Amino acid sequence: MDGFAGRAIGVTGSVRDYLRGLRSSVLNNSAAYGYSVTITATFAVLNVSLGSASVFDVFAFAFGAIAAFSLIDVVATGGFRKRLRGDPPEVVVLGSAIGFLSAGTGVGSAALLADLVGTDVAWALGSLAATALYVIVLAGELMLAARIDPAKARERD
């Protein structure tokens, strides 16, 4: 095929390929994107509330976030005895798209801790709380997304 028809098919194929790539990008990055926004905003909130972070504060912040993920990993896998199975792609994307609550809860918890604790320990506690709440609330958002489409909810089990 040459001429206009050949170019039209090529453009249509290119658009279709691009949209497939866009769907893959959204699927593969949605939950991580929400967490990236949450943890970055958490650092900013703590920096505004507590003042500029020292090198020690940055390490404490990283430690708190890693500790929260590690603890949740242990719980979610039954002490690393259960194999993790994810939700269907549509559930992950929808759950992440309604992720305002998980991100807001995480960042809000750090702001509250900075206000209540007001010391350097808030760097570790803030990132720990933000991470834990983000993951825990996101799990609820994924559950809600799965219930929107009962067929997807059955695939989950």
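**Pockets and a surface patch in a predicted model**

In this predicted model, the second largest pocket holds about 270 Å³ of space. Its lining consists of 16 residues, of which S30, Y33, G34, S96 and A97 are the closest to the centre of the pocket. Two or more residues of this lining are given by each of the helices α1, α3, α4 (100-117) and α5, and the greatest contribution, 7 residues, is that of α1. When the lining of the second largest pocket is divided by class, 8 residues are nonpolar, 7 are polar and 1 is charged.

The largest pocket has a volume of about 840 Å³, and among the 24 residues that line it, those closest to its centre are A76, L84, V135, A139 and L142. At least two lining residues are supplied by each of α1, α2 (55-76), α3 (89-97) and α5 (121-148), with the largest share, 6 residues, coming from α5. The lining of the largest pocket comprises 14 nonpolar, 7 charged and 3 polar residues.

Apart from the pockets, a feature of the surface was also examined. A nonpolar patch of about 440 Å² is formed on the surface by V15, Y18, L19, L22 and V26. One of these residues, Y18, is located in helix α1, which spans residues 4-50. Y18 is classed as exposed because its relative accessible area is 55%, whereas the cut-off for that class is over 50%.

Conventions
Residues numbered from 1 in each chain as written. Predicted model: local features only at pLDDT ≥ 70, side-chain atom pairs only at ≥ 80, totals over all residues. Heavy atoms only, no water. Patch = residues over 30% accessible without salt bridge, like charges linked within 9 Å, V, L, I, M, F, W, Y side chains within 5 Å. Areas by Shrake-Rupley, 256 points an atom, 1.4 Å probe, with all protein chains shown as cover. Salt bridge = Lys/Arg side-chain N within 4 Å of Asp/Glu carboxyl O. Helix = DSSP H or I, 4+ residues; strand = E, 2+ residues; numbered from the N terminus. Buried < 20%, exposed > 50% of the residue type's maximum accessible area, 1.4 Å probe, protein only. 1 Å grid on protein atoms, 1.4 Å probe; cavity = no way out; pocket = protein on both sides within 12 Å on 5 of 7 lines; lining within 4 Å. Points joined across faces, edges and corners; volume = space filled by probe spheres on them. Nonpolar A, V, L, I, M, F, W, Y, C, P; charged D, E, K, R; others polar.
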